[in-house]
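Please open the model in a viewer and keep the sequence panel beside it. The tour moves from one selection to the next and states what is found at each.

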Amino acid sequence: MIPDQVAPQKLDEHERKQFFEQLQQSPTELGYEQQAWSPKLLLHHVKEEYGVEYSEGHARKLLGKAGLSCRTARPRNHEADPEKEAEFQDTVEKNGRS
């Protein structure tokens with residue numbers, strides 16, 4: 001690192017608590033257009049609110065510590081039979097993941 005550049009400080013204990021409380025809210029409640037937190041949105045939010053930068057990997061860890069998970073949206077067939085879908089989910093849960 002160049003001596004004149006100073007890395008931003010990480011969140012202190014009070015900021016961290018406040019930040020985790022914010023993550024429990026929907027991003028739309030905080031003025032964002034996204035419905036769920038993603039690592040990139042978390043990085044944007046923490047930089048704007050607190051002036052702190054983290055890596056995307058660390059953002060994933062923070063989401064996990066906040067009790068949130070990173071999942072991608074999966075398309076859903078709007079014509080699918082809800083009863084058959086529930087039956088399929090029950091079968092998948094009984095068989096477990098491979």
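Begin by selecting helix α3, residues 56-65, whose buried residues are Ala59, Leu62 and Leu63. Buried denotes under 20% relative accessible area, exposed over 50%, and partly exposed the range in between, with a 1.4 Å probe and protein chains only. Looking down the axis of α3, one finds these buried residues within an arc of 100°, so they line one face of the helix; the arc is that of the directions from the helix axis to the C-beta atoms. Next, select Lys61 and Lys65, which are exposed on the other side of α3.

The model is a predicted one: local features require pLDDT of at least 70 and side-chain atom pairs count only at pLDDT 80 or more, whereas totals for chains, interfaces and linings use all residues. Residues are numbered from 1 along each chain as its sequence is written, and side-chain values use heavy atoms, with hydrogens and water left out.

Now add the partners of α3. Its buried residues pack against α1 (13-23) and α2 (39-50), where contact means heavy atoms within 4.5 Å. Helices (H or I, at least four residues) and strands (E, at least two) are DSSP runs, numbered from the N terminus. After α3 comes Gly67, with a positive phi near 85°.

Hide α3 and display α1 with α2. These two helices pack at an angle of about 135°, and their axes are 12 Å apart. Axes are lines fitted to C-alpha atoms, for helices over the stretch in contact, and angles run from 0 to 180 degrees between N-to-C directions. The two helices, α1 and α2, are therefore oblique to each other; oblique covers the angles left over when those under 35 degrees count as roughly parallel, over 145 as roughly antiparallel and 65 to 115 as roughly perpendicular.

Which residues make the contact? On α1, select Glu15, Gln18, Phe19, Gln22 and Leu23; on α2, select Leu42, His45, Val46, Glu49 and Tyr50.

Then centre the view on Pro39, which is found in helix α2. At 9% relative accessibility, Pro39 counts as buried. Leaving aside neighbours within four places in sequence, Pro39 is in contact with Glu56, Ala59, Arg60, Leu63 and Cys70. A C-alpha to C-alpha distance drawn from Pro39 to Glu56 reads 6.0 Å, although the two are 17 residues apart in sequence.

Finally, show the whole protein chain, which has 4 helices and 0 strands. Of its 98 residues, 23% count as buried.
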